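Please open the structure in your viewer and keep the sequence panel beside it, since this tour moves from one selection to the next.

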Amino acid sequence: MLHILLRILVFDKRRSRSDKMKPSIVVVQTFTSSISIPAFKPRPFFLSSCSSSSSFSSSPTMSLPNEAAVPKPKPWLIVGLGNPGKKYQGTRHNVGFEMVDAIADAEGIHLNSLSFKSLFGKGFIGNVPVMLAKPQTFMNASGESVGPIVSYYKIPLKQVLLVYDDLDLPFAKLRLLPKGGHGGHNGMRSVIDHFKGNRDFPRLRIGIGRPPGKMDAANFVLRPFNRQEREELDLTLQHGLEAVRILLLEGINKSATFVNSAKNMELPG
């Protein structure tokens, strides 16, 4: 039962010449019964007008004027040197191929394209785009493959990594350098020739040791590994894989420090 009392003050504005304004009070009393009034339910403005995330997505996106665009990483080319065919598979001269295969397996990159006279594949290491190549020209003509790849994709030479075998390093040792000569390696000689003599590109050398006795070096590099050497080389390839990741993601200095540590350096004497 709701009782409402309404009192209204009414001013009588009737005036006489001598009288002042006299207020008169009229009381109006109203009784109302059996009135149902629904309970008041507040409706928050924010929730009703922005009740779902879709309302945000439909509004235009605001860009900050001082927000700098994040540059995309530039692609790297990693080339392993070797000889094609089953005859040379697993030989000392093909450790460059094996390093590229290890990278491809670890990073899920498929070398299923034959381009630029090489087995070729594209992928990523972290957020860095990478191209892997295994020239199929035979070792001494490797530049015929590497040169056109670099030219076509306009890759800076500082982001071209060559991986190859080295007779002058102890077996299964690694050495990473930012630049240098060919060191008598015919594959590297061909690559430098196709770079018009430019030697300013990084290289990862994998030691295969010197031939025993008076064995000819040309015959030695085409020999396969024995079981013990294979086990040691597999560990070296894993070490090289980590070095490549550091190179692409953190730079040449950190990677060289990682590779060229005391345990991986050739001991003097």
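**A tour of the sheet and its helices**

Begin by selecting β4 and β5, which pair in the antiparallel sense over three bridges. Keep in mind from this first stop onward that what you are looking at is a predicted model. Within this pair, L114 stands opposite L119 of β5, and the two strands form a hairpin with two residues between them. Colour F116 in that turn, where the phi angle is positive, at about 55 degrees.

Next, add β6 to the selection, and follow the eight bridges that join β5 to β6, two strands that run antiparallel. Here K122 stands opposite M131 in β6, and the hairpin of β5 and β6 again can be examined at its turn, which has two residues between the strands and in which G126 takes a positive phi near 65 degrees. In general, strands of a sheet pair through backbone hydrogen bonds, either parallel or antiparallel.

Now select I125, which lies in strand β5. Is I125 buried or exposed? Its relative accessibility is 1%, and therefore I125 counts as buried. If you show its surroundings, leaving out residues up to four places away in sequence, you will find that I125 touches I78, I103, E107, V130, V244, R245, L248 and L249. A distance label from the C-alpha of I125 to the C-alpha of A104 should read 9.8 Å, although these two residues are 21 places apart in sequence.

Step back and show the whole sheet, which is open, has seven strands and follows the order β4-β5-β6-β3-β7-β9-β8 with mixed pairing. At its edges are β4 (113-115) and β8 (174-177), each of which pairs on one side only. From one strand to the next, the twist averages 25 degrees.

For an example of parallel pairing, select β3 together with β7 (residues 160-166), which are joined by four bridges. One bridge to look for links G80 with its partner V163 in β7.

With the sheet still visible, turn on helix α7 (residues 227-250), which packs on the sheet and touches β3, β5, β6, β7, β8 and β9, while its direction makes about 170 degrees with that of β9. Then turn on α8 (residues 252-259), which lies across β8 and β9 and runs at about 160 degrees to β8.

How do these two helices meet? The axes of α7 and α8 come within 7 Å and cross at roughly 160 degrees, which means that α7 is roughly antiparallel to α8. The crossing is right-handed. To see the contact, select H239, E242, A243, I246, L247 and E250 of α7, and I252, K254, S255, F258 and V259 of α8. The residues of this contact divide into six nonpolar, two polar and three charged.

Finish at R92, which is found in the loop between β3 (76-80) and α3 (95-107). Is this loop residue buried or exposed? R92 is buried, because its relative accessible area is 4%, and buried here means under 20%. Leaving out residues up to four places away in sequence, you can select what R92 touches, namely D165, F171, I208, F220, V221, R223, P224, F225 and E229.

How values were computed:
Residues numbered from 1 in each chain as written. Predicted model: local features only at pLDDT ≥ 70, side-chain atom pairs only at ≥ 80, totals over all residues. Heavy atoms only, no water. Axes fitted to C-alpha atoms, helices over the stretch in contact; angles between N-to-C directions. Parallel < 35°, antiparallel > 145°, perpendicular 65-115°, else oblique. Left-handed = near helix turned anticlockwise from the far one by under 90°. Contact = heavy atoms within 4.5 Å. Nonpolar A, V, L, I, M, F, W, Y, C, P; charged D, E, K, R; others polar. Buried < 20%, exposed > 50% of the residue type's maximum accessible area, 1.4 Å probe, protein only. Pairing = 2+ DSSP bridges.
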